[in-house]
Amino acid sequence: MAVHEVFLILAMAVVVSAIDGTWYDARATFYGDMGGGETMQGACGYGDLIKQGYGLATTALSTALFNEGLSCGACFEIYCSNAPKSCIPKAAPIIVTATNFCPPNYTKTKDIWCNPPQKHFDLSMPMFTKIAYYKAGVIPVRYRRVLCSKRGGVKFEIKGNPNWTLVLIYNVGGAGDVNAVSIKGSNTQWIAMTRNWGQNWQTGTVLTGQSLSFQVTVSDGTKIEFDNAVPAGWQFGQTYDGGKNF
Ligand SMILES: *[C@@H]1O[C@H](CO)[C@@H](O)[C@H](O)[C@H]1NC(C)=O
Ligand SMILES: *[C@@H]1O[C@H](CO)[C@@H](O)[C@H](O)[C@H]1NC(C)=O
């Protein structure tokens, strides 16, 4: 580890809360363009990342990190490591939220960065170019899980139909990656939701016309209850603010 890397880690430790203080080795590339093109509407189920508060500070994860979508919403601190020709000298580490999947490609024989068991971050281009030169293409990085810092409350976007309530949960702080959700209509008991894809959670219980409460648990076990986060007059396609965050 270079001296400036040690300095950066010490400097960042003051402002960033690591979930796991260990730094792990991985690699990174980038996708899309400087405007974040191609990074929206990814495999986590999020939509317009700008409107949803993630902005361009995002990454796609390889199979080894994606955890079949359970890692969606997790935050990572990443720096370019030990590649003097690629790393921008003294660049501060970046912090990104996982919003997409970098799929494996088994027909490829070279540059197969996202295939298991490789840990790989396919960063948005604006994030990659903060820590490395554009022309580097692929870089060695070190990373660790950190707490996500989000503005405003956890958001619940309700989709589906009367017989199938599908809720996208986004803008989640703390550990960031939701691992369990229960929903309660004003006329029901608590119902465990199952994860459909990304951070979309579902139930077949009819909940129309009822105010909705949620219990959301993130990967470090922290659980928050959002009582009546959604009013009885809720509509499909609308997003509701839980009013608090992890
Ligand atoms: C996988 O790699 C091959 C060879 O480079 C390419 O032709 C193909 O489009 C890739 N598949 C996907 C899904 O990206
Ligand atoms: C919901 O289920 C009921 C009873 O099975 C059915 O009659 C109705 O068409 C369904 N509605 C939708 C929107 O799927």
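Author: Helices and strands are DSSP runs here: helices are H or I over at least four residues, strands are E over at least two, and both are numbered from the N terminus. The model is predicted.

Reader: What share of residues 41–153 is helix, and what share is strand?

Author: The UniProt record, an unreviewed entry, annotates this span as "domain: Expansin-like EG45". Its end C-alpha atoms lie 21 Å apart. By the DSSP runs, the span is 10% helix and 27% strand.

Reader: And what are the helix and strand shares of residues 163–242?

Author: UniProt places "domain: Expansin-like CBD" there, again from an unreviewed entry. The end C-alpha atoms of residues 163–242 are 23 Å apart. The shares are 0% helix and 54% strand.

Reader: How many angstroms separate the centres of domain 1 and domain 2?

Author: The domain assignment splits the protein chain into domain 1 (3–146) and domain 2 (155–241). Taken over C-alpha atoms, the distance between their centres is 28 Å.

Reader: How many charged residues are on the side of domain 1 that touches domain 2?

Author: The contact involves 15 residues of domain 1 and 14 residues of domain 2. On the domain 1 side, eight are nonpolar and seven are polar. The charged count is therefore none, with Asp, Glu, Lys and Arg as the charged types.

Reader: Which strands stand at the edges of the five-stranded sheet?

Author: The sheet is open, with the order E11-E12-E8-E7-E15 and antiparallel pairing. An edge strand has a single partner, so one of its sides is left without a neighbour in the sheet. That describes E11 (194–197) and E15 (239–241).

Reader: What is the average twist from one strand to the next?

Author: The twist is taken along the open sheet E11-E12-E8-E7-E15. From one strand to the next, it averages 35°.

Reader: Which residue of E12 stands opposite Leu168?

Author: E8 (residues 164–170) and E12 (residues 200–203) pair in the antiparallel sense. Four bridges join the two strands. The residue of E12 opposite Leu168 is Asn200.

Reader: Is Met193 buried or exposed?

Author: Met193 lies in the loop between strand E10 (191–192) and E11. Beyond four places away in sequence, Met193 touches Val181, Ser182, Ile183, Trp201, Gln202 and Thr203. Its C-beta has 23 others within 10 Å, and 20 or more is the cut-off, so Met193 is buried.

Reader: How far apart are the C-alpha atoms of Met193 and Lys244?

Author: Along the chain, Met193 and Lys244 are 51 residues apart. In space, their C-alpha atoms are separated by 20 Å.

Reader: Which peptide bond is cis?

Author: Most peptide bonds are trans. One bond here has omega near 0°. Its second residue, Pro117, is found in the loop between strand E4 (94–101) and strand E5 (120–124). The cis bond runs from Pro116 to Pro117.

Reader: Lys90 has a positive phi. Is the residue buried or exposed?

Author: Phi of Lys90 is near 60°. Lys90 lies in the loop between strand E3 (75–80) and E4. It has 9 other C-beta atoms within 10 Å, and the cut-off is 12 or fewer, so Lys90 is exposed.

Reader: Asn228 has a positive phi too. Which exposure class does Asn228 fall in?

Author: Phi of Asn228 is near 45°. Asn228 lies in strand E14 (residues 223–230). With 15 C-beta neighbours inside 10 Å, Asn228 is partly exposed.

Note on methods: Residues numbered from 1 in each chain as written. Chains lettered and ligands numbered in written order. Predicted model: local features only at pLDDT ≥ 70, side-chain atom pairs only at ≥ 80, totals over all residues. Pairing = 2+ DSSP bridges. Axes fitted to C-alpha atoms, helices over the stretch in contact; angles between N-to-C directions. UniProt positions renumbered as here; feature names shortened; annotations may be inferred. Domains from an automatic or database assignment. Contact = placed C-beta atoms within 7 Å.
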